[in-house]
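Okay, everyone, thanks for coming. I'll put the structure up, and then we'll walk through it together.

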Amino acid sequence: MTTEMHELGEGDLVGVRGPMGNHFPMAEFEGKNLLVLGGGIGGAPLRPVIQHVLAHRDDYGHLTILWAARKPDLLLFTEDYDTWRATPDTELHLTVDEGDDTWDGEVGLITDLLKKVNPKSGNTVAITCGPPVMIYYADKVLDEIGFAPDRRYVTLEARMHCGIGKCGRCNIGEKLVCVDGPVFNMEQATGFLEGYL
Ligand code: FES
């Protein structure tokens with residue numbers, strides 16, 4: 001889709017279907033601490049979560065953002081970082097797989113950063129989005145440091161055809177990403193991240 005969009009010209013007609021599927025249960029998250037883990041372009045669906053929390057700051061507890069990319073120039077939403085850092089009860093931690101001359105921050109995987117930050121699991125909901133392998137291993141670390149399955153949310157991506165739960169193209173195990181997801185917690189979808197890899 002990205003390629004097609006770049007090839008569009010001014011005045012071209014575009015059709016849009018949606019929104020489809022479910023969404024982050026932001027009302028259920030009220031009163032809880034949030035841990036947001038964004039890897040690469042997976043940060044895109046998490047920015048609205050962060051912006052919602054910042055816009056309703058008193059409704060949520062502590063917000064910890066772990067944000068990662070392969071290289072510094074691939075970090076998303078850099079223009080937001082000062083605002084995120086300046087917001088009360090909010091912390092931002094960045095890491096890249098591979099630094100460059102401009103980078104003096106953390107270098108390493110987001111799972112290493114997660115172990116280092118070691119957020120408290122009590123009354124905290126974790127929300128993860130990124131490449132499948134990152135989601136899989138970040139979820140394992142969250143499990144190890146005490147996040148219960150119903151406190152570990154992910155938002156997933158699958159290639160889709162119908163988008164309305166008819167064709168089965170977007171299945172992961174018995175779940176259909178287009179109607180059951182894209183947001184799941186690990187209680188709803190026990191063990192199914194293996195099928196997502
Ligand atoms: S895209 Fe057809 S069932 Fe999900």
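So, start with helix α6: its buried residues pack against β1, α5, β5 and β6. This is a predicted model, by the way, so keep that in mind as we go. Which residues of α6 are buried? They're Met134, Ile135, Tyr136, Ala138, Asp139, Val141 and Leu142.

Quick check on the helix itself. α6 has 13 residues, and at 1.5 Å a residue they should span 18 Å; the end C-alpha atoms are 19 Å apart, so that agrees. After α6 comes glycine 146, which has a positive phi, near 105 degrees.

Now, look at that list of buried residues again, because there's an aspartate in it, Asp139, with a relative accessible area of just 8%, and under 20% counts as buried. What does aspartate 139 touch, once you set aside its neighbours within four places in sequence? Arg152, Met186 and Leu193.

The arginine is the one to follow. Aspartate 139 and arginine 152 form a salt bridge, with the closest N and O atoms 2.7 Å apart. That ties together distant parts of the chain, since aspartate 139 is in helix α6 and arginine 152 is in strand β6, 13 residues apart. Arginine 152 counts as buried too, at 6% relative accessibility.

And there's another partner. Aspartate 143 also meets arginine 152 in a salt bridge, at 3.5 Å from N to O. Aspartate 143 is partly exposed, though, with a relative accessible area of 46%. Put those together and you have Asp139, Asp143 and Arg152 linked in a network of salt bridges.

How many salt bridges does the structure hold? Four. One of them joins lysine 116 and glutamate 106, where the closest N and O atoms are 2.3 Å apart. Here, lysine 116 sits in helix α5 and glutamate 106 in strand β4, 10 residues apart. Compared with the buried pair we just saw, this one has an exposed lysine 116, at 57% relative accessible area, and a partly exposed glutamate 106, at 30%.

Okay, on to the nonpolar side. In soluble globular proteins, nonpolar side chains tend to be buried together. In this model the largest nonpolar core has 28 residues, and the ones with the most contacts inside it are Phe29, Leu34, Trp67 and Ile127. Among the elements giving two or more residues to this core are α2, β1, α3 and β5. There's also a second, separate core of 27 residues, which includes Leu35, Met134, Val141 and Cys170. You've met Met134 and Val141 already, in the buried list for α6.

Last topic: rings. A search of the whole structure finds four aromatic pairs. Phenylalanine 29 and tyrosine 153 have ring centres 5.0 Å apart and planes at 80 degrees, so that pair is edge-to-face. Phenylalanine 29 is in helix α2 and tyrosine 153 in strand β6, 124 residues apart, and both are buried.

Tyrosine 81 and tryptophan 84 make a tilted pair, 5.6 Å centre to centre with 40 degrees between the planes. They're three residues apart in helix α4, so about one helical turn separates them. Tyrosine 81 is buried at 5% relative accessible area, and tryptophan 84 is buried at 1%. Add Trp67, and with Tyr81 and Trp84 you've got one aromatic cluster.

One more ring to finish: arginine 47 lies over the face of phenylalanine 77, 5.1 Å from the ring centre.

Notes. Residues numbered from 1 in each chain as written. Predicted model: local features only at pLDDT ≥ 70, side-chain atom pairs only at ≥ 80, totals over all residues. Heavy atoms only, no water. Buried < 20%, exposed > 50% of the residue type's maximum accessible area, 1.4 Å probe, protein only. Contact = heavy atoms within 4.5 Å. Core = buried A, V, L, I, M, F, W, Y, C linked by side-chain atoms within 4.5 Å. Helix = DSSP H or I, 4+ residues; strand = E, 2+ residues; numbered from the N terminus. Phe/Tyr/Trp six-rings, centres within 6.5 Å; stacked < 30°, edge-to-face > 60°. Lys NZ or Arg CZ within 6 Å of the ring centre and 35° of its normal. Expected span 1.5 Å × (residues − 1). Salt bridge = Lys/Arg side-chain N within 4 Å of Asp/Glu carboxyl O.
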